[in-house]
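Colleague: I should like a close look at a single part of this model, with its surroundings described in connected form. Please take one strand and follow its pairing, its charged residue and the neighbouring contacts.

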Amino acid sequence: MSKALDSLVELLDLEQIEADIFRGRSPSDWRQRVFGGQVAGQALVAAGRTVPADRAVHSLHAYFIRPGDPVVPIVYLVDRVRDGRSFTTRRVSAIQHGKTIFTLSASFHLDEPGLSHGSPMPAVTPAESIPPVSHEFFAGNPIDLRFVGPPVGIAPNDVTEHSLVWLRADGELPDDPLLHVCLMTYVSDLTLLDTVLRRHGISWADGQISGASLDHAMWFHRPFRADRWLLYDQESPSAAGARGLARGQVFTDQGELVVRCPGRTDPAAALAARKRVAPHWPGSLGCYTCSRRADYAMRKGGDPGE
């Protein structure tokens, strides 16, 4: 395991300070706010630690309410909403400075036999045939990212409807299914907003647009390992009213659909974009939040609001 990945795994390893109460920290770097993928991943860890190990998470829905302060710890309060015969529901509130900054609802399911089908993976260049990105934005990244086409963060892009990226943890992970799912929750925030920009040929490098999450949703269909290649297929069907919608799906390198957001018209994750700095890239364990599906607020100029 690389040093950067080891630090990320440690970041997701919360301290339990009381029954159903956990505490997480943020990495020490130059970020001005907590990375959305971090708080979502940590909240899912907190929820998962109150659920029997034989029940895997199958969905999460979350709202980013206030910017997180990276200087102080985050306290996660878990509400045991329901423990049924097959399904378990948890609600998590993330607290800083006495205020809620984030909420998450997650549902867990005891594995049962049933119907099975999945959308096919798009035809794409294999991950091993694509060289790693050699740019300072991606230095020290705990996630190995292989972009099909140029990364939107470092250069202007051709206008395109889809964004495709191979990803995996940069090293072997323990055989803990919850860790793999929580790491994927973290990773899902790294590239989806790029999909909105690609529809307009815009790059983060021009410094005109940045973003912050408003809400987030993910559906987990099948078990997977975050330290094996996963294809993240993303698209943006709409942008209007200072918001952009993006959605995506994740496949294993064998073509199996493992994570997805359905293509519906209601938003499942949102980013407010304003003229500030470019988003934090994973070299500092940070970026602005993206999700399987996202409704983004895209604005030039102005100051981030809460």
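**Strand β3 and its surroundings**

Modeller: In this predicted model, strand β3 (residues 55–64) runs antiparallel to β6, and nine bridges join the two. Strand β3 also pairs with strand β10 (residues 215–220), again in the antiparallel sense, over five bridges. H61 illustrates both pairings: its bridge partner in β6 is S105, while its bridge partner in β10 is A217.

The charged residue to examine in β3 is R55. R55 is buried yet takes part in no salt bridge. The nearest side chain of opposite charge belongs to D54, at 4.4 Å; since a salt bridge requires a nitrogen-to-oxygen distance within 4 Å, that separation does not qualify. The side chain of R55 instead reaches backbone oxygens: that of R85 at 2.7 Å, and that of F87, which lies 3.4 Å from a polar atom of the R55 side chain. Beyond residues up to four places away in sequence, R55 touches G84, R85, S86, F87, T88, F108, H109 and L110.

One of these contacts, S86, leads on to E112. The side chains of E112 and S86 are joined by a polar contact of 3.5 Å. Their C-alpha atoms are 8.6 Å apart, with their positions 26 residues apart in sequence. E112 is placed in the loop between β6 (99–110) and β7 (143–147), and E112 counts as partly exposed because its relative accessibility is 41%.

For comparison with R55, salt bridges are found elsewhere: a search of the whole structure gives 15. Among them, R49 pairs with D13, the closest N and O atoms being 2.7 Å apart. R49 lies in the loop between α2 and β3 and D13 in the loop between α1 and β1 (15–18), so this pair ties together parts 36 residues apart in sequence. R49 is partly exposed, at a relative accessible area of 39%, whereas D13, at 51%, counts as exposed.

Another pair is R25 with E10, where the closest N and O atoms are 3.8 Å apart. This pair links distant parts of the chain, with R25 in the loop between β2 (21–24) and α2 (36–48) and E10 in helix α1 (residues 3–11). Both count as partly exposed, R25 at 37% relative accessibility and E10 at 46%.

A salt bridge with a buried partner is that of D227 and R228, at 3.3 Å from N to O: D227 is buried at 4% relative accessibility, and R228 is partly exposed at 37%. Through shared partners, salt bridges join E172, D175, R225, D227 and R228 into one network.

Methods:
Residues numbered from 1 in each chain as written. Predicted model: local features only at pLDDT ≥ 70, side-chain atom pairs only at ≥ 80, totals over all residues. Heavy atoms only, no water. Helix = DSSP H or I, 4+ residues; strand = E, 2+ residues; numbered from the N terminus. Buried < 20%, exposed > 50% of the residue type's maximum accessible area, 1.4 Å probe, protein only. Polar contact = N/O pair within 3.5 Å; in protein donor to acceptor, adjacent residues only side chain to side chain. Pairing = 2+ DSSP bridges. Lys, Arg positive; Asp, Glu negative; His and termini not counted. Contact = heavy atoms within 4.5 Å.
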